[in-house]
Amino acid sequence: MYQKPSTKFPFINRQILRRLYLVALVILATLVAIWWEQVQTPKSMTVTSLTQPEEVLVGEPIQPIPVKIALNQSKVALGEKLFHEPRLSADNRVSCLSCHNLSKGGADEQAFSIGVNGAVGDINTPTVYNAGFNSRLNWNGKFETLEAFTEAVIQNPTVMGIHWQVLIPKLQQAPEYMQAFTQNYADGVTTANVKDAIATYLRSLYTPNSRFDQYLRRNKKAMTDAEKQGYRLFKAYGCVSCHQGMNLGGNLYQKVGLMGDYFRDRGNVTNADLGRYNVTQDEADKFVFRVPSLRNVALTSPYFHDGSVKTLEEAIKVMTKYQLGRSLSQKDTQLIAQFLGTLTGEHPALNQK
Ligand code: HEC
Ligand code: HEC
């Protein structure tokens, strides 16, 4: 095992060398044990924010959602009250919650939702969870901030359909809102403050700790082998070139039907199908959409802007055919679907039964 003592160190005899070897061996074994412990321990319970990048697997195209985001909780509470408030609509019947059911993945399980005065929407309701991480909002990416979005949705004639001149006095006449607004804002109930409270609440609707995020935080046991295989396929087939970043989407535009005419095959092209063209009037933007986030996607059927697909496996088949120009085996489709199932995160409202 050991070498002859070097003649350079005549004072070190074999006995001492043997002890030194033993000590070195013990130190090495301890270091290996500590490293192994690090690899095996779930990190998600201790990590509090993304400011600790060393805790996360390096080189992955997707980042975990921060475990904790600092927000003014009093404004969050006011925003939550407004989110649930039917008086925010012209007919006092529709609240944000009507379409964005928080215990149903933040959407409503319908292809098209019903808004104020029974108006039927022309595009599928996306989830509100994690919308704060999308750099573009809506299927056509028309809005860049939650505040600008809220400004529009309140007045949208097929959603809430109310004018600020009507809504502000309505809230001012409600003592509970007068109190809550003056508590949070020096100037009480104003348009800007309604938008700020709702936007703050929307920012609180993030869903950390999905099993996939735990895996990214180096908890290898958080995902099954099949799910990990699904993740590898998700990257290998190129899904991740569009669905990337913290939200697996929400930050790019892409044409729907890059590799095949999705709309001709589906039929009945509507105005909403024109996508980003409706914002820019640029021919090149026809049928271009914001790539949606895949966070919590297992909970948000039906899929696509037209709500045309009910199951994840079917959605994956449509994607591989029209976005990648390939066809997938049933097995690979299932594996990717299993991976997508690990993207369901945690939020008290999401997990309530
Ligand atoms: C009638 C159903 C309905 C109601 C009510 C409704 N929404 Fe929506 N919401 C939608 C639809 C449909 C979209 C997508 C619109 C589009 O892409 O053109 C959407 C999009 C959103 C988005 C953007 C999500 C993203 O990632 O792009 C947010 C945020 C949102 N709604 C919040 C709200 C808030 C806040 C309220 C209440 C003030 C509200 N919604 C009321 C149907 C509704
Ligand atoms: C070229 C970009 C691109 C690629 C590649 C791509 N997607 Fe998509 N994905 C999109 C766009 C754009 C949409 C929105 C389509 C629509 O609504 O009509 C979408 C929608 C989806 C949806 C539905 C989400 C929802 O909430 O409705 C799923 C699921 C999905 N993609 C999974 C995948 C998978 C799995 C792959 C790889 C096999 C993949 N995508 C490859 C761009 C892409």
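**Ligand shells, iron sites and a pocket in a predicted model**

Sorted by class, the residues of the shell around ligand 2 comprise 16 nonpolar and six polar residues, with no charged ones. The structure described here is a predicted model, and every value reported below is computed from it. The shell around ligand 2 counts 22 residues, of which Cys239, Cys242, His243, His305 and Met319 come nearest. Several polar contacts accompany this shell: a backbone N or O atom of Phe304 lies 2.7 Å from an oxygen atom of ligand 2, a polar backbone atom of His305 is likewise found 2.7 Å from an oxygen atom of the ligand, and a polar side-chain atom of His243 lies 2.9 Å from one of its nitrogen atoms. Two elements, α10 and α13, give two or more residues each to the shell around ligand 2, and the largest share, four residues, comes from α13.

The iron atom of ligand 2 has two protein donors, His243 through NE2 and Met319 through SD, which lie 2.1 to 2.3 Å from the metal. The site is octahedral, with six donor atoms and angles of 85 to 179° among them. Because His243 belongs to the loop between α10 (239–242) and β1 (253–255), whereas Met319 belongs to helix α13 (residues 312–322), the pair ties together parts that are 76 residues apart in sequence.

At ligand 1, by contrast, the iron atom has a single donor from the protein, namely NE2 of His100, at 2.1 Å. His100 is placed in the loop between α3 and α4, and this residue is also listed among the closest of the 27 residues that surround ligand 1, together with Cys96, Cys99, Asn134 and Asn138. By class, the shell around ligand 1 divides into 17 nonpolar, nine polar and one charged residues. At least two residues of this shell are supplied by each of α3 (96–99), α4 (146–155) and α7 (191–203).

Polar contacts to oxygen atoms of ligand 1 involve both backbone and side-chain atoms of the protein. A polar backbone atom of Asn138 is 2.6 Å from an oxygen atom of the ligand, and a backbone N or O atom of Trp139 lies 2.8 Å from an oxygen atom of ligand 1. On the side-chain side, an N or O atom of Arg290 is found 2.9 Å from an oxygen atom of ligand 1.

Apart from the ligand shells, the second largest pocket of the protein has a volume of about 210 Å³. The pocket is lined by Lys68, Ile69, Leu71, Gln73, Val76, Glu80, Tyr201, Ser204, Tyr206, His347, Pro348 and Ala349, a set that divides into seven nonpolar, three polar and two charged residues. Both α2 (73–83) and α15 (348–351) supply at least two residues of this lining, and α2 accounts for the largest share, three residues.

Two features of the backbone remain to be noted. Most residues other than glycine have a negative phi, and most peptide bonds are trans. Asn209, in the loop between α7 and α8 (211–216), has a positive phi of about 65° although it is not a glycine. The peptide bond from Ser301 to Pro302 is cis, with omega near 0°, and Pro302 is found in the loop between β2 (288–290) and α13.

Conventions:
Residues numbered from 1 in each chain as written. Chains lettered and ligands numbered in written order. Predicted model: local features only at pLDDT ≥ 70, side-chain atom pairs only at ≥ 80, totals over all residues. Heavy atoms only, no water. 1 Å grid on protein atoms, 1.4 Å probe; cavity = no way out; pocket = protein on both sides within 12 Å on 5 of 7 lines; lining within 4 Å. Points joined across faces, edges and corners; volume = space filled by probe spheres on them. Nonpolar A, V, L, I, M, F, W, Y, C, P; charged D, E, K, R; others polar. Near = heavy atom within 4 Å. Polar contact = N/O pair within 3.5 Å; in protein donor to acceptor, adjacent residues only side chain to side chain. Donors = N, O, S within 2.8 Å, 3.2 Å for Na, K, Ca; no water. Tetrahedral: all angles 85-135°; square planar, octahedral: opposite > 155°, others 65-115°.
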